[in-house]
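Take a walk through this fold, from the overall chain down to single residues. Keep the 3D view open as you read.

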Amino acid sequence: MVHIILADGFEEAEALVPADLLRRAGEEVLLVGLEGPQVRGGQGITVNADTTFREVHDITPHMLVLPGGSEGVAHMRAHNRLLESIQRAWDAGVYIAAICAAPTILAKMGLLDRRKAVCYPGLEDKMDSAVIQKGEAVVVDGRIITSEAAGSVFPFALKLVELRKGAAEAEQVKNAIHCHA
């Protein structure tokens, strides 16, 4: 099971494309509203989450995905129970994926210390001791997957499919959607 956290101001593409591609691959995905079931994205699109953080915060998923969007990331960073949940997931051996500004959350938690990572260009100074991989769209270092921004969301989502379902399934999904990235 994959949990994708939605906080008000999240970047819609960075949450919905991974949800879509993972579901196409047969993965169980829950869109988790941080503060409630209806979540307003950064571009003004309101999404009805599958569940709320309150309902699933004690459940450890196989993968946790943190979309970017500066406002959404600020809400996630300020949510202590979410930060505790991220730490608990990390300690349990869960894959943690973050895109755009969201890798800065992992950096502040110390999860990116001396790990290869990327983030939204211009936020590198908020990545603490992470080893920034300039020019890379998606970086995997152990159980942490980071990606630059909405423009890299298809390679990011396909990497998540590969990690959960295998390279063959990722290739099948890529071909089915006619992705040339």
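A residue counts as buried when its relative accessible area is under 20%, and as exposed when that area is over 50%; between the two it is partly exposed. Thr52 has 14% relative accessibility, so it falls in the buried class. Keep these cut-offs in mind, because the classes buried, partly exposed and exposed used below rest on them. The model is predicted.

Start with the whole chain. It holds 7 helices and 11 strands. Is the overall size what a compact globule would have, or not what it would have? For 181 residues, a compact globule would have a radius of gyration near 16 Å, and the chain has 15 Å, which agrees. Along the principal axes, the C-alpha atoms fill a box of roughly 40 × 35 × 35 Å.

Now the interior and the surface. Buried residues are 50% of the 181 residues. The accessible surface of the chain is about 8100 Å². Carbon and sulfur atoms supply 47% of that surface. Contacts reach far along the sequence: among those with a separation of 6 or more, 63% join residues 24 or more positions apart. As for charge, there are 18 positive and 24 negative charges in the chain. Their mean positions lie 3 Å apart.

Next, the sheet. Strands of a sheet pair through backbone hydrogen bonds, in a parallel or an antiparallel sense. Here 7 strands form an open sheet with mixed pairing, in the order E5-E2-E1-E6-E7-E11-E10. Its edge strands are E5 and E10 (138-141), each of which pairs on one side only.

Begin at the E5 edge. Strand E5 covers residues 51-52 and includes Thr52. Buried at 14% relative accessibility, Thr52 touches Val32, Gly33, Gly36 and Pro37, leaving aside its neighbours within four places in sequence. Two of these partners, Val32 and Gly33, are also named among the buried residues of E2.

Strand E2 (residues 29-33) follows in the sheet order. How many of its residues are buried? The count is 5 of 5, and the strand is mostly covered. Both of its faces are covered. Val29, Leu31 and Gly33 are buried on one side, and Leu30 and Val32 are buried on the other. E2 runs parallel to strand E1 (residues 2-6), and 5 bridges join the two. One place to look is His3, whose bridge partner in E2 is Leu30.

Move on to strand E7 (residues 95-99). Why is this strand largely enclosed by the rest of the structure? Of its 5 residues, 4 are buried, so little of the strand is left uncovered. E7 pairs in the parallel sense with strand E6 (residues 63-66) over 4 bridges. With E11, E7 also pairs in the parallel sense, again over 4 bridges. Ala97 is a useful marker on E7. Val65 stands opposite Ala97, and in E11 the bridge partner of Ala97 is Ile145.

Strand E11 spans residues 144-147 and includes Ile144. Ile144 is buried because its relative accessibility is 1%. Which residues does Ile144 contact, leaving aside its neighbours within four places in sequence? They are Trp90, Ile96, Leu106, Leu111, Leu112, Arg115 and Val139. Ala117 is 27 residues from Ile144 in sequence, and their C-alpha atoms are 8.3 Å apart.

Ala117 also leads to Ile132. These two are 15 residues apart along the chain, with 5.2 Å between their C-alpha atoms. Ile132 sits in strand E9 (residues 131-132). Its relative accessibility is 24%, so Ile132 counts as partly exposed. Beyond residues up to four places away in sequence, Ile132 touches Ala117, Glu124 and Met127.

Finish with the backbone. Most residues other than glycine have a negative phi. Arg114 has a positive phi, near 60°, and is not a glycine. Arg114 lies in the loop between helix H5 (103-108) and strand E8 (116-117). At 67% relative accessibility, Arg114 is exposed. His178 likewise has a positive phi of about 60° without being a glycine. His178 belongs to the segment after helix H7 (167-176). With a relative accessibility of 60%, His178 is exposed too.

Key. Residues are numbered from 1 along each chain as its sequence is written. This is a predicted model: local features need pLDDT of at least 70, side-chain atom pairs count only at pLDDT 80 or more; totals for chains, interfaces and linings use all residues. Side-chain values use heavy atoms; hydrogens and water are left out. The radius of gyration is taken over C-alpha atoms; the globule rule is 2.2 Å times the number of residues to the power 0.38. Buried means under 20% relative accessible area, exposed over 50%, partly exposed in between (1.4 Å probe, protein chains only). Contact means heavy atoms within 4.5 Å. Accessible areas come from the Shrake-Rupley method with a 1.4 Å probe; for residues, only the protein chains shown count as cover. Lys and Arg count as positive and Asp and Glu as negative; His and the chain ends are not counted. The place of a charge is taken as NZ of Lys, CZ of Arg, CG of Asp or CD of Glu. Two strands pair if DSSP finds at least two bridges between them.
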